[in-house]
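I opened this model to look up a few things before going back to the bench. My notes are below, in the order I took them.

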Amino acid sequence: MTKKSQPLKPGEKILFTVAGAFVVFALVAFIIMQFVIAKSDKPVFETKTHAELSPEGQHGSELFRTNGCTTCHRALRNGTNMGRTADLDGIGSRRSLEWLYAFLRYPEQTYGAPTIDHHAGEHSAAYVAQLPEKDLHAIAVFLSELKADQGSAAAPVPPKGESPFIDAMVKMMAPKEWKEKYKDIRDKMKEEQAAQAGSQTSTDAPADATQGEHP
Ligand code: HEC
């Protein structure tokens, strides 16, 4: 049997040209992207978390790495991205030192619900609660020192800049109880700042008693 090469049909020509164009486009885009990344002095992803470790926090950071936490979690560039609650960077802005210690020691009571891995029994992170109390405290101190900056997922304050659209959507979609129960943290911060500025001016000029709301 001899194979005769057939000329391509018009439809096939179009198909191969389009597919080929995609491949060439992807390749060119990839090369340009790599070039831009290499040339740019700005990091591709801005880091929005930071840590200032005390001596105990530093010790906790070592314990965090040597006690298997990094198989499921990530902090300060150590650990996995594959875990289920992997990223602990910035957790110190979300949780207090007391909460963190309580969670490590009594995960289920602290969550108020069954955990996936941390509670006692046949669970991969059940060993955590059994670690010496001193070590757990150091780890909790370490975690409490992982802070989130404005705009990070773990920060209570949203990124800078206003989005009237998103604000309007939130106002529209939020249930009524939320509106009664919670306040926009940005308004709260503005009030706090105003109160601070107010108390500063009132110490500068204590004569004017009508201005301040403070007793
Ligand atoms: C086998 C995987 C695994 C290991 C190992 C592990 N964790 Fe976890 N961790 C989890 C999972 C999953 C959660 C979410 C809670 C749950 O369901 O267990 C969690 C939750 C947490 C939380 C609470 C996060 C939050 O804000 O809700 C902290 C803090 C934490 N882990 C710290 C640690 C520390 C410290 C270690 C090491 C001593 C450790 N974990 C080891 C899987 C793991």
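These entries go from the whole chain to one helix, one helix pair, one residue and the ligand.

**Overall.** I am working from a predicted model. I looked up the secondary structure first. The protein has eight helices and four strands. Reading from the N terminus, I get the order α-β-α-β-β-α-α-α-β-α-α-α. I then checked burial. Of the 215 residues, 15% count as buried. I also looked at contact range. Taking contacts between residues at least 6 apart in sequence, 59% join residues at least 24 apart.

**Helix α1.** I went to residues 10-39 next. Helix α1 has 30 residues. From first C-alpha to last it reaches 43 Å, close to the 44 Å expected at 1.5 Å a residue. Is α1 packed away or in the open? I counted its buried residues and the number is zero, so α1 lies largely in the open.

**α2 against α5.** For two packed helices I want the angle between the axes and the distance between them. Helix α2 covers residues 55-66, and α5 covers 133-144. Their axes come within 7 Å and cross at roughly 105 degrees. Angles of 65 to 115 degrees count as roughly perpendicular, so α2 is roughly perpendicular to α5. By class, this contact has six nonpolar, four polar and two charged residues. I listed who meets whom. From α2 come Glu 56, Gly 57, His 59, Gly 60, Ser 61, Leu 63 and Phe 64. On the α5 side they meet Asp 135, Ala 138, Ile 139, Val 141 and Phe 142.

**Leu 88.** I picked one loop residue to follow. Leu 88 sits in the loop between β3 (78-79) and α3 (97-105). Why does Leu 88 count as buried? The cut-off is 20 or more C-beta atoms within 10 Å, and Leu 88 counts as buried because it has 25 such neighbours. Beyond its neighbours within four places in sequence, I find Leu 88 in contact with His 73, Arg 74, Ala 75, Leu 143 and Leu 146. Leu 143 is 55 residues away along the chain, yet the two C-alpha atoms are separated by 7.4 Å.

**Ligand shell.** Which residues are closest to the ligand? I note Cys 69, Cys 72, Thr 115, Ile 116 and Ser 124, out of 23 that surround the ligand. By class, the shell has twelve nonpolar, eight polar and three charged residues. Both α3 and α5 supply at least two residues each. The largest share, three residues, comes from α3.

Conventions. Residues are numbered from 1 along each chain as its sequence is written. This is a predicted model: local features need pLDDT of at least 70, side-chain atom pairs count only at pLDDT 80 or more; totals for chains, interfaces and linings use all residues. The expected span of a helix is 1.5 Å times one less than its number of residues. A residue is buried if 20 or more other C-beta atoms lie within 10 Å of its own, exposed if 12 or fewer, and partly exposed in between; C-beta atoms are placed from the backbone. Two residues are in contact if their C-beta atoms, placed from the backbone, lie within 7 Å. A residue is near a molecule or strand if its C-beta atom, placed from the backbone, lies within 6 Å of it. Ala, Val, Leu, Ile, Met, Phe, Trp, Tyr, Cys and Pro count as nonpolar, Asp, Glu, Lys and Arg as charged, and the others, Gly among them, as polar. Axes are lines fitted to C-alpha atoms, for helices over the stretch in contact, and angles run from 0 to 180 degrees between N-to-C directions. Angles under 35 degrees count as roughly parallel, over 145 as roughly antiparallel, 65 to 115 as roughly perpendicular and the rest as oblique.
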